[in-house]
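This report introduces a protein model to a reader who has not met it before. Please view the sequence and the structure together, and then follow the text from its charged pairs to its overall make-up.

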Amino acid sequence: QVGERLVIAIRFLNLSTDLKELRKSKEIAVTGAPLHDSRTAILSGLYTMSPQIKWYGEVAHSQSSQAQPPTALHAPPLSATFGPIIETRAFTLRANFILQAADYMPLLGYYLGDRRGPFAEIRVRPHSRFEVYGGASNYVNNVAGAPNLHTYRATNESAGASVRLPSRVSLSGQW
């Protein structure tokens, strides 16, 4: 912690994969040229402007190697995420913009490749027992614009509400 308002964290992550064993697996489909190893240094921070308003961000530098030459243009090694958090008793807004390099965090079950785009979620609580919420994101991959890779856009939207009934019973629905 730096002063009263700033929290900073540093993380180093080193991941490696036995590609021979991975290719033998019948449960996991391996496409393209999977990463043999990945090294990432991450600096993140949270700045509290007031009890209700905070800004957060993360910058990462990553390097990786593949068992065969990559088929895409070399993507930049930098990744970044930043956005505000506004939170009161009756209202919450979280938003960010993300730019992730392909080798940011290549974990099975998590790996999304490179991506870029915005995300936002909002929660409104007009009463202590009632809440309405929604979220949206719009991501695109192939950030480097490699002509030999497909470019996909993923747009997600959700909305819902929850009601806390007597006797510790809750009712909720989501679209």
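A search of the whole structure, which is a predicted model, finds four salt bridges. Three of these pairs are set out below.

| Salt bridge | N to O distance |
|---|---|
| Arg 123 and Glu 131 | 2.8 Å |
| Glu 131 and Arg 125 | 3.6 Å |
| Arg 94 and Glu 87 | 3.9 Å |

**The charged pairs**

Glu 131 takes part in a salt bridge with Arg 123 and in another with Arg 125. Is Glu 131 buried or exposed? Its relative accessible area is 16%, and because buried means under 20%, Glu 131 counts as buried. Arg 125 is likewise buried, as both members of that pair are. Salt bridges that share partners also join Glu 87, Arg 94 and Glu 121 into one network. Arg 123, by contrast with the buried pair, is partly exposed, with a relative accessibility of 27%.

Within the network, the side chains of Arg 94 and Glu 87 meet at 3.9 Å, N to O. Arg 94 has a relative accessible area of 30% and is therefore partly exposed. Glu 87 is partly exposed as well, at 35%.

**Threonine 92 and its surroundings**

Which residues does Thr 92 contact, apart from its neighbours within four places in sequence? They are Ile 86, Glu 87, Glu 121, Ile 122, Arg 123 and Arg 125. Thr 92 itself belongs to strand S5, which covers residues 91-100. With a relative accessible area of 3%, Thr 92 is buried. Its side chain makes a polar contact of 2.9 Å with the side chain of Arg 125, the residue that also forms a salt bridge with Glu 131.

**A nonpolar patch on the surface**

Six residues, namely Tyr 47, Met 49, Ile 53, Trp 55, Phe 82 and Phe 97, make a nonpolar surface patch of about 560 Å². One of them, Phe 82, lies in strand S4, which spans residues 78-87. Phe 82 has a relative accessible area of 46%, so it counts as partly exposed.

**Strand S7 and the loop that follows**

Val 140 is found in strand S7, and it is buried, with a relative accessible area of 11%. Leaving out residues up to four places away in sequence, Val 140 touches Asp 114, Arg 115, Arg 116, Thr 151, Tyr 152 and Arg 153. Thr 155 stands 15 residues from Val 140 in sequence, and their C-alpha atoms are 8.7 Å apart in space.

The loop between S7 and strand S8 (153-165) contains Ala 144. Ala 144 is partly exposed, at 26% relative accessible area. Its C-alpha atom is separated by 9.6 Å from that of Arg 115, although the two residues are 29 apart along the chain.

Asn 142 has its place in the loop between S7 and S8. At 9% relative accessibility, Asn 142 is buried.

**Two positive phi angles**

Most residues other than glycine have a negative phi. Asn 142 is not a glycine, yet it has a positive phi of about 55 degrees. Arg 168, not a glycine either, also has a positive phi of about 55 degrees. Where is Arg 168 placed? It sits in the loop between S8 and strand S9 (169-174). Arg 168 counts as exposed, because its relative accessibility is 82%, whereas Asn 142 counts as buried.

**The protein as a whole**

The secondary structure comes to one helix and nine strands. Read from the N terminus, the elements follow the order β-α-β-β-β-β-β-β-β-β. The protein has 175 residues, of which 25% count as buried. Its accessible surface comes to about 11,800 Å², and 60% of that area belongs to carbon and sulfur atoms. Among contacts with a separation of 6 or more, 49% are between residues 24 or more positions apart.

As for the confidence of the prediction, the average pLDDT is 84, and 78% of the residues score at least 70. Among the elements, strand S7 (residues 130-140) has the highest mean pLDDT, 96, while helix H1 (residues 19-24) has the lowest, 66.

How values were computed. Residues are numbered from 1 along each chain as its sequence is written. This is a predicted model: local features need pLDDT of at least 70, side-chain atom pairs count only at pLDDT 80 or more; totals for chains, interfaces and linings use all residues. Side-chain values use heavy atoms; hydrogens and water are left out. Helices (H or I, at least four residues) and strands (E, at least two) are DSSP runs, numbered from the N terminus. Buried means under 20% relative accessible area, exposed over 50%, partly exposed in between (1.4 Å probe, protein chains only). A polar contact is a pair of N or O atoms within 3.5 Å; within protein, one must be able to donate a hydrogen and the other to accept it, and residues adjacent in sequence count only if both atoms are side-chain atoms. Contact means heavy atoms within 4.5 Å. Patches are made of residues with over 30% relative accessible area and no salt bridge: like charges are joined within 9 Å, nonpolar side chains (Val, Leu, Ile, Met, Phe, Trp, Tyr) within 5 Å. Accessible areas come from the Shrake-Rupley method with a 1.4 Å probe; for residues, only the protein chains shown count as cover. pLDDT is the predictor's confidence in each residue, from 0 to 100.
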